[in-house]
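The following exercises concern salt bridges and cysteines in a protein structure. Please work through each task before reading its solution.

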Amino acid sequence: MKKLTIRERVLLGILAILAVVCGYVFLFYLPAADRTAGLEASIQQSTAILDQSAAMLASQEKMEQELDALLSGEQAPEEMPYYDNIQSIMVELNGILSDAQEYSLRFSSAQGEDHVMERRVTMPFTCSSYATAKSILHRIQESALRCQLEDLSFSQRENGAVQVTVTVVFYEYQAGGAEGN
């Protein structure tokens with residue numbers, strides 16, 4: 001066997017050092033760096049979820065406080081009527097519109113989503129005065145049925161009567177889900 005020269009020994013030493021450094025980099029450093037990056041991403045995602053959960057919790061607590069304030073108040077909120085409440089709507093509107101000289105009711109089909117159905121009723125009616133029309137509209141708004149007044153127009157006739165056209169949206173609760181009937 002031949003003895004190695006100094007140059008060969010130096011090159012073998014450098015090769016051994018390179019092999020150790022490469023082994024360290026590929027076997028320890030890169031996998032550890034990948035795990036660290038993955039853990040940092042996981043921490044950021046968990047922090048974002050925690051922040052979102054904290055915001056949702058604060059919102060829920062606020063809603064619960066508002067609900068408690070509503071329920072503990074003098075007048076408890078009224079329940080939303082169940083879907084297909086058209087008979088009750090007609091009875092209520094006929095009673096309210098009894099002060100009108102003439103009126104008609106045009107119902108559209110109910111539409112909705114997320115268990116809340118909307119039933120639109122277009123009501124042209126004629127009253128003897130503006131005060132009577134205002135009183136009728138106020139009674140509709142304050143009725144036991146949940147509703148919202150839309151598309152309101154007033155016009156005065158030559159004889160002093162007031163012609164009112166209003167669209168009222170009545171809200172009803174559908175327990176099984178809304179299919180958009």
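**Exercise 1.** Characterise the salt bridge between Arg 139 and Asp 99.

*Solution.* The side chains of Arg 139 and Asp 99 form a salt bridge with an N to O distance of 2.8 Å; the criterion is a side-chain nitrogen of Lys or Arg within 4 Å of a carboxyl oxygen of Asp or Glu. Next, locate the partners: Arg 139 lies in helix H3 and Asp 99 in the loop between H2 and strand E1 (102-103), 40 residues apart. Helices (H or I, at least four residues) and strands (E, at least two) are DSSP runs, numbered from the N terminus.

The model is predicted: local features need pLDDT of at least 70, side-chain atom pairs count only at pLDDT 80 or more, and totals for chains, interfaces and linings use all residues. Residues are numbered from 1 along each chain as its sequence is written, and side-chain values use heavy atoms, with hydrogens and water left out.

**Exercise 2.** Which residues do salt bridges that share partners join into one network?

*Solution.* Arg 120 pairs with Glu 118 at 3.7 Å, N to O. Arg 120 also meets Glu 150 at 2.6 Å, N to O. The latter pair connects strand E4 to strand E5 (residues 147-156), across 30 residues. Glu 118, Arg 120 and Glu 150 thus belong to one network.

**Exercise 3.** Why is Cys 127 not in a disulfide with Cys 147?

*Solution.* A disulfide requires two cysteine sulfur atoms within 2.5 Å. The cysteine sulfur closest to that of Cys 127 belongs to Cys 147 and is 16 Å away, so the two are too far apart for a bond. The disulfide count is 0.
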